[in-house]
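User: Please take a close look at the salt bridges in this model and at the parts of the chain that they join. I am a first-year student, so please explain each term as you go.

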Amino acid sequence: MGLRKVRDNYLLTSRPVAELRKLYGKSNKIRKLKVNGSSRIFEGKMFVGSPVEIELTFDVSEMTRMDFPGKFGLRLSNQLGEYYTIGYDNIVKYYYADRTHATSEDFSPLFSSMQYAPYLIESERVTWRIILDWSSVEWFASDGDVVITNLVYPTEHFDTLELFTEDGLIDVVEAKITQLESIW
């Protein structure tokens, strides 16, 4: 946890603990990827069933470019059609997480939900770190300025990672997935 001064206000920030690195196992990386529409990444190299850390770095230096996407993000899905989406809305300027299709269980009408975090990206690159386990997704965006944590209950593990854009093209500087070893 930390505090960062933004203009005349302070922003509470959060990052994964440094000790998480001690759990790092095998890793796969992709560099310099252009996404226009959708692009599956790490097919066959996802460590399905293990907790993982996904790190994505987007080039957002030209967010006012005519062909820059209105939305961009990551969708985690499985073969049963269940999915969880995280993204950034460049028109309204907010991060969002959508778990309305992340489970087949109907626990409560309140469970299927979307979370929003207003945020104006003011850097040339933005990095997301996502800690994914069987039933939890913890997303650290913009160097920990925005953190969204959700429980998800997919019937089967999410086994597909898909980067997406709506109405435009984004450059992904780097995408990395790292297997996390058990703490036990």
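Analyst: A residue is called buried when its relative accessible area is under 20%, exposed when that area is over 50%, and partly exposed in between, with a 1.4 Å probe and protein chains only. The model is predicted, so local features need a pLDDT of at least 70 and side-chain atom pairs count only at pLDDT 80 or more, while totals for chains, interfaces and linings use all residues. Residues are numbered from 1 along each chain as its sequence is written, and side-chain values use heavy atoms, with hydrogens and water left out.

We can begin with one charged residue and its partner. Glu43 has a relative accessibility of 54% and therefore counts as exposed. Its side chain meets that of Arg40 in a salt bridge, with 3.7 Å from N to O; the term requires a side-chain nitrogen of Lys or Arg within 4 Å of a carboxyl oxygen of Asp or Glu. In general, side chains of opposite charge can pair when their charged atoms come close.

Searching the whole structure in this way gives 10 salt bridges. One of them is formed by Arg7 and Glu122, whose closest N and O atoms are 2.6 Å apart. Arg7 sits in the loop between strand 1 (2-6) and strand 2 (9-13), and Glu122 in the loop between strand 8 (114-118) and strand 9 (125-132), so this pair ties together parts that lie 115 residues apart in sequence. Strands here are DSSP runs of E with at least two residues, numbered from the N terminus. Both partners, Arg7 and Glu122, are exposed.

Strand 2, which follows the loop that holds Arg7, also contains Thr13. Thr13 counts as buried because its relative accessibility is 12%. Leaving aside residues up to four places away in sequence, Thr13 touches Met1, Gly2, Leu3, Arg4, Gly144 and Asp145, where a contact means heavy atoms within 4.5 Å.

The salt bridge between Arg129 and Glu53 gives a different view of such a pair, since here we can follow both partners into strands. The closest N and O atoms of Arg129 and Glu53 are 2.6 Å apart. Arg129 belongs to strand 9 and Glu53 to strand 4 (residues 52-59), and with 76 residues separating them the pair links distant parts of the chain. Arg129 is buried, because its relative accessibility is 16%, and Glu53 also counts as buried, because its relative accessible area is 3%. Elsewhere, salt bridges with shared partners join Lys29, Arg31 and Glu174 into one network.

Strand 9, the home of Arg129, is mostly covered, as 6 of its 8 residues are buried. Strand 9 pairs with strand 4 in the antiparallel sense over 8 bridges, and two strands count as paired if DSSP finds at least two bridges between them. Within this pairing of strands 4 and 9, Thr57 stands opposite Thr127 of strand 9. Strand 9 also pairs with strand 10 (residues 136-141), again in the antiparallel sense, over 5 bridges. Glu138 in strand 10 is the bridge partner of Ile131. Strands 9 and 10 form a hairpin, with 3 residues between them.

Put together, strand 9 has antiparallel pairing with strand 4 and with strand 10, and the salt bridge of Arg129 with Glu53 links strand 9 to strand 4 as well.

Notes. Helix = DSSP H or I, 4+ residues; strand = E, 2+ residues; numbered from the N terminus.
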